[in-house]
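Let's take a friendly walk through this chain, from its overall build down to a few single residues. Keep the viewer open as you read.

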Amino acid sequence: QVQVVESGGGFAQSGGSLRLSCAVSGGTFSDYIMGWFRQAPGKEREFVATVSRSGRNIRYAVSIKGRFTISRTRNEVYLQMNNLEVEDTAVYYCAAGRTVATLARSYDYWGQGTQVTVSS
């Protein structure tokens with residue numbers, strides 16, 4: 001059974017940085033497109049970033065472009081978050097799928113989420 005596990009959330013001040021990590025077990029990591037999504041209280045889950053199997057095809061949400069960077073190695077995917085804003089506060093989810101996509105329904109496996117809290 002494929003499992004997705006995130007780590008690295010926590011607290012940061014506005015303007016600070018955090019890095020999220022995500023790994024896949026029970027499957028072959030290189031088979032999957034990996035994505036990051038987030039959900040703030042009272043809001044719908046929204047797309048953040050996605051990276052293709054090769055790492056060459058990357059897409060970002062407009063709201064975080066230029067501040068966040070998605071990358072992957074052979075075994076993990078990362079989300080480097082710089083210049084954090086209070087509006088970035090949310091639960092961040094890592095997801096694995098078969099198609100490079102910005103829609104949550106395109107992803108097959110999801111992690112449990114990790115909380116990111118940014119204070120002013």
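## Ground rules and overall build

Helices (H or I, at least four residues) and strands (E, at least two) are DSSP runs, numbered from the N terminus. With that in hand, the chain reads β-β-β-β-β-β-β-β-β-β-β from its N terminus on, with 0 helices and 11 strands. Please keep in mind that this is a predicted model, in which local features need pLDDT of at least 70 and side-chain atom pairs count only at pLDDT 80 or more, while totals for chains, interfaces and linings use all residues. Residues are numbered from 1 along each chain as its sequence is written, and side-chain values use heavy atoms, leaving out hydrogens and water.

The C-alpha trace spans about 40 × 25 × 20 Å along its principal axes. The radius of gyration is taken over C-alpha atoms, and the globule rule is 2.2 Å times the number of residues to the power 0.38. For 120 residues a compact globule would come out near 14 Å, and the chain's 13 Å agrees with that. Of the 120 residues, 43% count as buried (buried means under 20% relative accessible area, exposed over 50%, partly exposed in between, with a 1.4 Å probe and protein chains only). About 6300 Å² of the chain is exposed, and carbon and sulfur atoms supply 44% of that area (Shrake-Rupley method with a 1.4 Å probe; for residues, only the protein chains shown count as cover). Among contacts (heavy atoms within 4.5 Å) between residues at least 6 apart in sequence, 57% join residues at least 24 apart.

## The disulfide

How many disulfides does a search of the whole structure find? The search finds 1, where a disulfide is a pair of cysteine sulfur atoms within 2.5 Å. Cysteine 22 and cysteine 94 are the partners, with 2.0 Å from S to S. Cysteine 22 belongs to strand 3 (residues 18–25) and cysteine 94 to strand 9 (residues 90–97), so the link ties together parts that are 72 residues apart in sequence.

The link between cysteine 22 and cysteine 94 is left-handed, with -85° about the S-S bond. Are its ends buried or exposed? Cysteine 22 is buried at 1% relative accessibility, and cysteine 94 is buried at 0%.

## Strands 1 and 3

Strand 1 (residues 3–7) has alternating side chains: Val4 and Glu6 point to one face and are buried, whereas Gln3, Val5 and Ser7 point to the other and are not. Strand 1 pairs with strand 3 in the antiparallel sense over 5 bridges (strands pair if DSSP finds at least two bridges between them). Here the disulfide comes back into view: glutamate 6 has cysteine 22 as its bridge partner in strand 3.

Serine 21 also lies in strand 3, and counts as buried at 12% relative accessibility. Setting aside residues up to four places away in sequence, serine 21 touches Val5, Glu6, Ser7, Trp36, Glu76, Val77 and Tyr78.

## Strand 4 and its partners

Of the 7 residues in strand 4, 6 are buried. Strand 4 runs antiparallel to strand 9, joined by 7 bridges, and isoleucine 33 stands opposite glycine 97 in strand 9. Strand 4 is also antiparallel to strand 5, through 5 bridges, with arginine 38 bridged to glutamate 46 in strand 5. Strands 4 and 5 form a hairpin with 6 residues between them, and glycine 42 in the turn has a positive phi of about 80°.

Arginine 45 sits in the loop between strand 4 and strand 5 and is partly exposed at 33% relative accessibility. Beyond its neighbours within four places in sequence, arginine 45 contacts Phe37, Arg38, Gln39, Tyr93 and Trp110.

## The nonpolar core

A nonpolar core is a set of buried Ala, Val, Leu, Ile, Met, Phe, Trp, Tyr and Cys residues joined through side-chain atoms within 4.5 Å. The largest one has 36 residues, of which Met34, Trp36, Val77, Leu79, Met81 and Tyr92 touch the most other members. Two or more residues each come from strand 3, strand 4 (33–39), strand 5 (46–51), strand 7 (68–72), strand 8, strand 9 and strand 11 (114–119). Strand 9 gives the largest share, 5 residues.

## A loop residue to look at

Asparagine 83 is in the loop between strand 8 (76–81) and strand 9. Its phi is near 50°, a positive value in a residue other than glycine. Most residues other than glycine have a negative phi. Asparagine 83 is partly exposed, with a relative accessible area of 45%.
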